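Student: Could you take a close look at the disulfide part of this one and walk me through what sits around it?

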Amino acid sequence: QVQLVESGGGLVQAGGSLRLSCAASGSIISINAMGWYRQAPGKQRELVARITSGGSTNYTDSVKGRFTISRDNAKNTVYLQMNSLKPEDTAVYHCNANIRTSMFSFRDYWGQGTQVTVSS
């Protein structure tokens, strides 16, 4: 069994910063891409940032230059540093990871989500 546990969400004023963490644990052989998604009330879940096992990254346009995704492969952990936060960044942020648990088994796992609220 694999678990993804997020931490670091909270309430912050516009212009402030937060750092999200997501640690994967369980029967893990290897992890491919890891990423952060978010879902605001009444909106669809969207990809915020993604990082491959080799460290290549991509971001949605609205967070470029403000958010930075990184990972520590030794700790099976992905981070999202969020700076210059805006009220429109308010959402539940979910961690995602593509994980190999056996020779022939790769699948996506999701964290439970952490609330980020940015006040104006």
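**The disulfide and its surroundings**

Tutor: The count comes to one disulfide here, and keep in mind that the model is predicted. The link joins Cys-22 to Cys-95, with the two sulfurs 2.1 Å apart. Turn the view to look along the S-S bond and you'll find an angle of -80° about that bond, which makes the link left-handed. Cys-22 sits in strand β3, residues 18–26, while Cys-95 belongs to strand β9, so the bond ties together parts that lie 73 residues apart in sequence. As for solvent, both Cys-22 and Cys-95 are buried.

Now follow β3, the strand that carries Cys-22, out into its sheet. Four strands make up an open sheet, running in the order β1-β3-β8-β7 with antiparallel pairing. The edges are taken by β1 and β7 (67–72); each has a single partner strand, so one side of each is left without a neighbour in the sheet. From one strand to the next, the twist averages 15°.

Start at the β1 edge. β1 pairs with β3 in the antiparallel sense, over six bridges, and you can spot the register from Gln-3, which stands opposite Ser-25 in β3. Strand β1 itself, residues 2–7, has two faces: Val-2, Leu-4 and Glu-6 are on the covered one, and Gln-3, Val-5 and Ser-7 are on the uncovered one. Over at the other edge, β7 and β8 also pair in the antiparallel sense, again over six bridges. A handy marker there is Thr-68, whose bridge partner in β8 is Gln-81.

From β8, head along the chain towards β9, the strand that holds the other cysteine, Cys-95. The loop between β8 (77–82) and β9 (91–102) is where you'll find Asp-89. How buried or exposed is Asp-89? Its relative accessible area is 1%, so Asp-89 counts as buried. The side chain of Asp-89 reaches the backbone nitrogen of Lys-86 at 2.8 Å. If you set aside neighbours within four places in sequence, Asp-89 is in contact with Arg-38, Arg-66, Phe-67, Ser-84, Val-116 and Val-118.

So to retrace the route: begin at the Cys-22 to Cys-95 link, cross the open sheet in the order β1-β3-β8-β7, and finish at Asp-89 in the loop between β8 and β9.

How values were computed:
Residues are numbered from 1 along each chain as its sequence is written. This is a predicted model: local features need pLDDT of at least 70, side-chain atom pairs count only at pLDDT 80 or more; totals for chains, interfaces and linings use all residues. Side-chain values use heavy atoms; hydrogens and water are left out. Buried means under 20% relative accessible area, exposed over 50%, partly exposed in between (1.4 Å probe, protein chains only). A polar contact is a pair of N or O atoms within 3.5 Å; within protein, one must be able to donate a hydrogen and the other to accept it, and residues adjacent in sequence count only if both atoms are side-chain atoms. Contact means heavy atoms within 4.5 Å. A disulfide is a pair of cysteine sulfur atoms within 2.5 Å. Two strands pair if DSSP finds at least two bridges between them. Axes are lines fitted to C-alpha atoms, for helices over the stretch in contact, and angles run from 0 to 180 degrees between N-to-C directions.
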